[in-house]
Amino acid sequence: MLLTVSGPPGSGKSTTAELLADAFGLAHVSGGDIFRDLADERGYTPLEFNKLAEENDEIDRDLDRRLREIAVEEDDLVLESRLAGWLAGDEADFRFWLDAPARVRGERIADREDKDPDRATEETKAREASEAQRYQDYYGIDIRDLTIYDLSVNTARWEPDAVLDMLVTAVERYDADGDEGKVLVDLESDF
């Protein structure tokens with residue numbers, strides 16, 4: 001089974017993906033971890049590497065290529081990244097989108113990075129805008145288009161365990177006989 005967890009920074013992707021992987025006994029692959037590994041391999045901090053990615057499309061494409069290969073080649077995992085649902089495409093059994101208001105996400109990021117919440121929120125908005133433009137330019141993806149996802153959850157409304165319960169219920173209650181159509185993913189990629 002391949003589950004994807006996507007969403008903007010601070011939406012709870014990592015927390016939820018880890019819990020989901022534990023709940024189903026699946027491996028967890030994080031796009032953020034792979035990005036940090038790529039940065040480290042090249043001698044950059046993640047922030048420096050993200051800035052460099054704005055100027056060098058090979059950074060994003062390398063990360064996305066690795067995530068796509070994992071989705072195609074491996075089974076029994078939770079794949080987590082902003083584009084996981086798109087990159088896994090039709091390989092995914094379930095695609096989940098997590099989100100929360102920008103203020104909430106900024107506060108979460110500020111807590112984990114020991115920053116001012118207003119600054120974290122503004123930086124996050126700028127990062128999202130930059131990434132959204134790159135996704136559109138590289139792959140024709142409108143990151144705001146949630147039609148490919150099976151379930152979208154505002155994680156500011158529920159605690160992580162409640163979000164997990166929703167996703168687990170969705171997977172466990174799935175009945176293939178009642179499925180009237182999985183949304184197919186049309187990704188313009190040249191990986």
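The largest nonpolar core of this predicted model has 31 residues, and those with the most contacts inside it are L2, I34, L79, L83, W86 and I141. The elements that give two or more residues to this core are the helices α2, α3, α4, α5 (84–88) and α7, together with the strand β3 (77–80). Of these contributors, α4 supplies the largest share, namely five residues. In soluble globular proteins, nonpolar side chains tend to be buried together.

One of the core residues just named, L83, can be followed outward through its own contacts: leaving aside residues up to four places away in sequence, L83 touches S6, D64, Y135, Y139, I141 and I143. Apart from this core there is a second, separate one of 16 residues, which includes A17, A21, F96 and V163.

The helix α4, which has already appeared as the source of five core residues, also packs against α7. The axes of α4 (residues 57–73) and α7 (residues 117–139) come within 11 Å and cross at roughly 75°; because angles of 65 to 115 degrees count as roughly perpendicular, α4 is classed as roughly perpendicular to α7. On the α4 side the residues that meet the partner helix are D57, D60, R61 and D64, and on the α7 side they are R134, Y138 and Y139. By class, this contact has five charged residues, two nonpolar ones and no polar ones. Two of the residues in this helix pair, D64 and Y139, are also among those that L83 touches.

A further residue of α4 can be approached from the loop between α2 (31–41) and α3 (46–55), where R42 lies. When residues up to four places away in sequence are not counted, R42 touches F49 and D62, and with D62 the side chain of R42 forms a polar contact of 3.3 Å. Is R42 buried, partly exposed or exposed? Its relative accessibility is 41%, and R42 therefore counts as partly exposed, since that class lies between the 20% limit for buried residues and the 50% limit for exposed ones.

Another arginine, R105, is found in helix α6 (residues 102–113). With a relative accessibility of 5%, R105 counts as buried, because the value is under 20%. Its surroundings, leaving aside neighbours within four places in sequence, consist of contacts with P8, P9, G10 and S11, with D99 and A100, and with T124 and E128.

Key:
Residues are numbered from 1 along each chain as its sequence is written. This is a predicted model: local features need pLDDT of at least 70, side-chain atom pairs count only at pLDDT 80 or more; totals for chains, interfaces and linings use all residues. Side-chain values use heavy atoms; hydrogens and water are left out. Helices (H or I, at least four residues) and strands (E, at least two) are DSSP runs, numbered from the N terminus. Buried means under 20% relative accessible area, exposed over 50%, partly exposed in between (1.4 Å probe, protein chains only). Contact means heavy atoms within 4.5 Å. A polar contact is a pair of N or O atoms within 3.5 Å; within protein, one must be able to donate a hydrogen and the other to accept it, and residues adjacent in sequence count only if both atoms are side-chain atoms. Axes are lines fitted to C-alpha atoms, for helices over the stretch in contact, and angles run from 0 to 180 degrees between N-to-C directions. Angles under 35 degrees count as roughly parallel, over 145 as roughly antiparallel, 65 to 115 as roughly perpendicular and the rest as oblique. Ala, Val, Leu, Ile, Met, Phe, Trp, Tyr, Cys and Pro count as nonpolar, Asp, Glu, Lys and Arg as charged, and the others, Gly among them, as polar. A nonpolar core is a set of buried Ala, Val, Leu, Ile, Met, Phe, Trp, Tyr and Cys residues joined through side-chain atoms within 4.5 Å.
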